[in-house]
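Work through the exercises below with the sequence and the model at hand. Each task is followed by a solution in steps.

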Amino acid sequence: MSIYSSKSADHFVVNYNNITAAANRLLSVANRTPVITSKTVNQLTNCQVFFKCENFQRTGSFKFRGAYNALSQLSKTQKQSGVLTYSSGNHAQAIALAGKLLNIPTTIVMPDNAPQVKKTATRGYGAEIIFYDVNEINREKLAQKIAQEKGLIIIPPYDHCDIIAGQGTTALELIEQVGSLDLLLVCCGGGGLLSGCAIATKNLLKNCRVIGVEPKNADDATRSFYSKILQTVSNPNTIADGARTPYLGKLNFPLILNYVDDMVTVSEEEILRTMYFIWERMKLVIEPTGTLAAAALLEGIVKVSGVRVGVIISGGNVDLKQVGELFKFLN
């Protein structure tokens, strides 16, 4: 059964006012990340392209925006008790750092196959990490069990109102920096970034198309978008580890159906080619998940010409020791 129903913007769990309030909380705390342009990219695409570089955000990804927005609004008692989350790495780091800044104890349930760079950084921010085997354990159930035993507040990685609002400040900031856009491309895992950015964009630029991009090997969001029924995927085999989520959040799904214009997918090879191109030509260190939106444009999956395009680069947390292994499969 579909969980979607048509609603006015006022009746959704997150609205534009929530995003502007989040932006105020993040002032002087989150980085105002740069927007990078490339003459080469503009020539290749016949568009004016603006890359919003969240790889330069604190903890190396957009996730810090939502994490700090959520943790900063907890009550004094909740802050003292501590929080728990589950994440493959970027949300883990974000919660850990936000907790450190706000003096909140943090516990992270993390897959044992998460990139080492993300494990190291999360621990470095002072979080307690509990590892699990993705092939044997359901992370949500494990998180609920631990939270109940320890009396912790669960802050999920994407299916949370304050997380969505915080992530939406990415697009809000981009539009403040570059002005009008005809198209915004955003990567999609659980849908927190996509739904938040879509709300901000449609409130500021009604005619700007918003397109979500996910790996072809983890296409649950695209299938959900077209069927209007929440689809799932189990442990998808993709190098974009931030998009290995099993399904869209129940809060995010209706928002995406209402505010997003289209969903597309990119192959593993397309992700790698684009990642290599951006490293080599633009000198930007970005991770596979952070490459998704750019891949849709540079590989011609989304076909446009003569327009202004915003591309969200969601993060840059790459295990550098594995880079050679990643790129060796490129032709």
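**Exercise 1.** Which helices and strand do the buried residues of H11 pack against? The model is a predicted one.

Solution.
- Step 1. Find the buried residues: in H11 they are Asn252, Phe253, Pro254, Leu255, Ile256, Leu257 and Tyr259.
- Step 2. Look for their partners. The buried residues of H11 pack against H8, helix H9 (192–204), strand S8 (209–215) and helix H10 (220–227).
- Step 3. Draw the conclusion. Helix H11 spans residues 252–259, and 7 of its 8 residues are buried, so H11 is largely enclosed by the rest of the structure.

**Exercise 2.** Determine how helix H1 is placed against helix H8.

Solution.
- Step 1. Recall what is needed: two packed helices are described by the angle between their axes and the distance between the axes.
- Step 2. Read both values. H1 (residues 16–26) packs on H8 (residues 161–178) at an angle of about 85°, and the axes are 8 Å apart.
- Step 3. Classify the angle. Values from 65 to 115 degrees count as roughly perpendicular, which makes H1 roughly perpendicular to H8.
- Step 4. List the residues that meet. H1 contributes Tyr16, Asn18, Ile19, Thr20, Ala22, Ala23 and Leu26, while H8 contributes Ala165, Gly166, Gly168, Thr169 and Leu172.
- Step 5. Sort them by type: this contact of H1 with H8 has 7 nonpolar residues, 5 polar and no charged.

**Exercise 3.** Why do cysteine 188 and cysteine 208 have no sulfur partner for a bond?

Solution.
- Step 1. Set the cut-off: a disulfide needs two cysteine sulfur atoms within 2.5 Å.
- Step 2. Check cysteine 188. Its closest cysteine sulfur belongs to cysteine 187 and is 7.5 Å away, too far for a bond.
- Step 3. Check cysteine 208. Here the closest cysteine sulfur, in cysteine 197, is 11 Å away, again too far for a bond.
- Step 4. Add the surroundings. Cysteine 188 is buried at 2% relative accessibility, and cysteine 208 is buried at 1% relative accessible area.
- Step 5. Count for the whole model: the structure holds 0 disulfides.

**Exercise 4.** Is helix H13 largely enclosed or largely open, and what follows the helix?

Solution.
- Step 1. Name the buried residues of H13: Pro288, Thr289, Gly290, Thr291, Leu292, Ala293, Ala294, Ala295, Ala296 and Leu297.
- Step 2. Since 10 of the 11 residues in H13 (residues 288–298) are buried, the helix is largely enclosed by the rest of the structure.
- Step 3. Move past the end: glycine 300 follows H13 and has a positive phi, near 75°.

Notes. Residues numbered from 1 in each chain as written. Predicted model: local features only at pLDDT ≥ 70, side-chain atom pairs only at ≥ 80, totals over all residues. Heavy atoms only, no water. Axes fitted to C-alpha atoms, helices over the stretch in contact; angles between N-to-C directions. Helix = DSSP H or I, 4+ residues; strand = E, 2+ residues; numbered from the N terminus. Parallel < 35°, antiparallel > 145°, perpendicular 65-115°, else oblique. Contact = heavy atoms within 4.5 Å. Nonpolar A, V, L, I, M, F, W, Y, C, P; charged D, E, K, R; others polar. Buried < 20%, exposed > 50% of the residue type's maximum accessible area, 1.4 Å probe, protein only.
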